[in-house]
Amino acid sequence: AAGTTGILLSLGVLVFTLLTIITAQNMNRHILNYLVLQEKNLQLIDNLNDEIKQRRTAQEALERHREQLEELVGTRTEQLKLINQNLMKEVTERRRAEENLKHLAHHDPLTNLANRLLLDARLEYAIQQARRNNTSLAVLFMDLDHFKEFNDRYGYNHGDRVILFLSRILRDLVRGLAPGGFVGHIGGDDF
């Protein structure tokens, strides 16, 4: 019986040892799995932190680019406003120049009276109106005698003053006597 007890005891120790080894192996596997999972979790956390940093960096870069773009758009807008203002000024100046050219094309520069071109057009229109309305029309052609000698003797500045003085007198007379009438300066001393 003592031999059987020794065998049983040895067998029990052997079973206990096997169970301890199997339990230890299972625990080691669980611990190893836990450590592997722990390592994977740490790696995932690091990856997430890296991704968060990258996204923050990208977002900050986008914000900087947005600010730069807004600044550039603001600058360009101001430049376009200035260009537009300059264009408007230029258009206005060109219109004024065109109006001035149209005026100069039809008016004498010294007296500002109708020149030969405008005088011919007005006269043609007045003749047509007189025919249509069966009315009469009067035309007075006037020049200054010996005006060339006056210019030669006293100079063109004084001659221009005489022409200007005469043009004002004629304009005022025609306005007072013939409300629809007009005065033209054909050139030189001819009215």
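1. Salt bridges. In this predicted model, the count of salt bridges comes to 6. Side chains of opposite charge can pair when their charged atoms come close. Three of the pairs are taken up in the points that follow, together with the accessibility of each partner.

2. E51 and R55. The salt bridge between E51 and R55 has its closest N and O atoms 2.9 Å apart. Both residues belong to helix α1, where they are 4 residues apart and hence separated by about one helical turn. E51 counts as partly exposed because its relative accessibility is 34%, whereas R55, at 58% relative accessibility, counts as exposed.

3. R66 and E70. Here the closest N and O atoms of the salt bridge are 2.4 Å apart, a value that a colleague may wish to look at in the coordinates. The two residues again lie in helix α1 with a spacing of 4 residues, about one turn of the helix. R66 has a relative accessible area of 38% and is therefore partly exposed, and E70, with 47% relative accessibility, also counts as partly exposed.

4. E90 and R94, and a network. A salt bridge joins the side chains of E90 and R94, with an N to O distance of 3.0 Å. This pair, too, lies in helix α1, its members 4 residues apart, or about one turn of the helix. E90 is partly exposed, its relative accessible area being 36%, while R94 counts as exposed at 53% relative accessibility. Salt bridges with shared partners also link E63, R66 and E70 into one network.

5. Charge over the whole chain. The chain carries 24 positive and 25 negative charges, and the mean positions of these two sets are 4 Å apart.

6. Fold and overall form. The secondary structure consists of 4 helices and 0 strands, so that the order of elements from the N terminus reads α-α-α-α. The chain is more spread out than a compact globule, because its radius of gyration is 56 Å, well over the 16 Å that the globule rule gives for 191 residues. Along the principal axes, the C-alpha atoms fill a box of roughly 175 × 50 × 20 Å.

7. Burial, surface and contacts. Of the 191 residues in the chain, 12% are buried. The accessible surface of the chain is about 16,100 Å², and carbon and sulfur atoms account for 59% of that area. Among contacts with a separation of 6 or more, 52% are between residues 24 or more positions apart.

8. S167. This residue is placed in helix α4, which covers residues 156-177. S167 counts as buried because its relative accessibility is 1%, and the cut-off for that class is under 20% relative accessible area. Leaving aside residues up to four places away in sequence, S167 touches T111, L113 and F191.

9. H107. The loop between α1 (2-106) and α2 (116-133) holds H107. With a relative accessibility of 17%, H107 counts as buried, and this value should be read against the same kind of cut-off, under 20% for buried residues. When residues up to four places away in sequence are not counted, H107 touches N112, L113, A114, N115 and L118. L113 is thus a residue touched both by H107 and by S167 of helix α4.

Notes:
Residues numbered from 1 in each chain as written. Predicted model: local features only at pLDDT ≥ 70, side-chain atom pairs only at ≥ 80, totals over all residues. Heavy atoms only, no water. Rg over C-alpha atoms; globule rule 2.2 N^0.38 Å. Buried < 20%, exposed > 50% of the residue type's maximum accessible area, 1.4 Å probe, protein only. Contact = heavy atoms within 4.5 Å. Areas by Shrake-Rupley, 256 points an atom, 1.4 Å probe, with all protein chains shown as cover. Lys, Arg positive; Asp, Glu negative; His and termini not counted. Charge placed at Lys NZ, Arg CZ, Asp CG, Glu CD. Salt bridge = Lys/Arg side-chain N within 4 Å of Asp/Glu carboxyl O.
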